[in-house]
Amino acid sequence: MAEKDIKLNDEIFDKFIISKKDDPFKDMTPLFSDQKAFKVAIDSMVEKLTPLDKSITKIVCPAGDTTFASALAYNLGLGVVVMNPYDGLLSAGEYFHPGEGVLIVGSALCGGSIYFSMYSIIEDMGAKVMGFAFLIEKLEHRGRYKLMDTVSTNIPVGVVTVVKFGVTIGNFVRFDCSAHGLGIREFRVLRVMKDEIGINWLDGPVPCEKVFPKTRIIEVSQDKIHWYKYRP
């Protein structure tokens, strides 16, 4: 199932998902503690996941990351199982049954290793992982690609996220080049540095790299179809 393209409430997410200067950690506590902002976050994910694959019967989330997943499960009318894959998960086996459909949910997707561990355990128990869903995705850690490269590619729901941060190699970016009479231009990202990115300037089969500051980015896309606001 392709990820649904919806208009997000930028004002709420930009206000309530915060980070300290030069700190890559995104703090969602302000969002979760505000009733209106939390509702927007849950409603946005529900909209992206509708219609769900009808074989999904449970949501599963990591221990210590239950706030978003539990509220989402309630709104979708599903049960939720809390897992700790690093402790062997001996007690959780009774909650999964062969053929059951599971959606793995987390508040943030970074490297993705914990979610791959959860996927492996659930599949070993005979249940079927139908997809992954996250409130935020930090693109520079490439967790989406690591997950989809290591799990079965026929997962119906795929990897669904509400808010994306950063940019990574292979993404597409839009710059405002109106000052040079070129309007809005789209480029493929070849290289990502701390404050700059290298893009394929001529957009041809042979890369022609040109380096620009990240502050020039207006929007980012993974497929040139769905575009979203660039957030550092």
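Glu-100 forms a salt bridge with Lys-58, and their closest N and O atoms are 2.5 Å apart. This pair joins distant parts of the chain, since Glu-100 lies in the loop between E2 and E3 while Lys-58 lies in strand E1, 42 residues apart. The model described here is predicted. The points below treat its salt bridges, its strands, two of its helices and its nonpolar cores.

**Salt bridges**

- Side chains of opposite charge can pair when their charged atoms come close.
- The count of salt bridges in this model comes to 9.
- In the pair introduced above, Glu-100 has a relative accessible area of 13%, which is under 20%, and therefore counts as buried.
- Its partner Lys-58 has a relative accessible area of 17% and is buried for the reason that this value, too, is under 20%.
- Another salt bridge connects Asp-43 with Lys-39, with 2.7 Å between the closest N and O atoms.
- Asp-43 and Lys-39 both belong to helix H3 (residues 35-48), where they are 4 residues apart, about one turn of the helix.
- Asp-43 is partly exposed because its relative accessibility is 33%, between the limits of 20% and 50%.
- Lys-39 is likewise partly exposed, with a relative accessible area of 48%.
- Glu-186 forms a salt bridge with Arg-174, in which the closest N and O atoms are 3.1 Å apart.
- This pair also links distant parts of the chain: Glu-186 is in strand E7 (residues 184-192) and Arg-174 is in strand E6 (residues 172-176), 12 residues apart.
- Glu-186 is partly exposed, at a relative accessible area of 30%.
- A network of salt bridges links Arg-174, Glu-186, Glu-219 and Lys-224.

**Strand E3 and its partners**

- All 9 of the 9 residues of E3 are buried, so this strand is largely enclosed by the rest of the structure.
- E3 pairs with E1 in the parallel sense over 4 bridges.
- Within this pairing, Gly-101 in E3 is the bridge partner of Ile-56.
- E3 also runs parallel to E4, and 8 bridges join the two strands.
- Ala-108 stands opposite Ile-136 in E4.
- Together, E3, H5 and E4 make a right-handed β-α-β unit.

**Helix H5**

- Helix H5 covers residues 113-124; at 1.5 Å a residue, its 12 residues should span 16 Å, and the 17 Å between its end C-alpha atoms agrees with this.
- Its buried residues are Tyr-115, Met-118, Tyr-119, Ile-121 and Ile-122.
- The elements that cover these buried residues include strands E1 (56-62), E2 (79-83), E3 (101-109) and E4 (128-138), together with helix H6 (143-150).
- After H5 comes Gly-126, which has a positive phi, near 100°.

**Helix H3**

- H3 has 14 residues, and the distance from its first C-alpha to its last is 20 Å, close to the 20 Å expected at 1.5 Å a residue.
- The buried residues of H3 are Ala-37, Phe-38, Val-40, Ala-41, Ile-42, Ser-44, Met-45, Val-46 and Lys-48.
- These buried residues pack against H1, helix H2 (29-33), H4, E4 and E5.

**Nonpolar cores**

- The largest nonpolar core has 36 residues, and those with the most contacts inside it are Phe-13, Leu-31, Leu-49, Ile-59, Leu-72 and Leu-135.
- At least two residues of this core come from each of helix H1 (10-16), H3, E1, helix H4 (67-76), E3, E4 and E5.
- H3 supplies the largest share of this core, 7 residues.
- Not counting residues up to four places away in sequence, Leu-135 touches Phe-13, Met-28, Leu-31, Phe-32, Ala-41, Met-45, Phe-68, Gly-106, Ser-107, Thr-161, Val-162 and Val-163.
- A second, separate core has 20 residues, among them Ile-104, Ile-122, Ile-155 and Val-159.

**Val-160 and Leu-135**

- Val-160 is located in strand E5 (residues 158-165).
- Val-160 is buried, with a relative accessible area of 1%.
- Val-160 and Leu-135 are 25 residues apart in sequence, and their C-alpha atoms are 8.5 Å apart in space.

How values were computed. Residues are numbered from 1 along each chain as its sequence is written. This is a predicted model: local features need pLDDT of at least 70, side-chain atom pairs count only at pLDDT 80 or more; totals for chains, interfaces and linings use all residues. Side-chain values use heavy atoms; hydrogens and water are left out. The expected span of a helix is 1.5 Å times one less than its number of residues. Buried means under 20% relative accessible area, exposed over 50%, partly exposed in between (1.4 Å probe, protein chains only). Contact means heavy atoms within 4.5 Å. A salt bridge is a side-chain nitrogen of Lys or Arg within 4 Å of a carboxyl oxygen of Asp or Glu. Two strands pair if DSSP finds at least two bridges between them. A crossover is right-handed if, with the strands pointing away from the viewer, the path from the first strand over the helix to the second runs clockwise. A nonpolar core is a set of buried Ala, Val, Leu, Ile, Met, Phe, Trp, Tyr and Cys residues joined through side-chain atoms within 4.5 Å.
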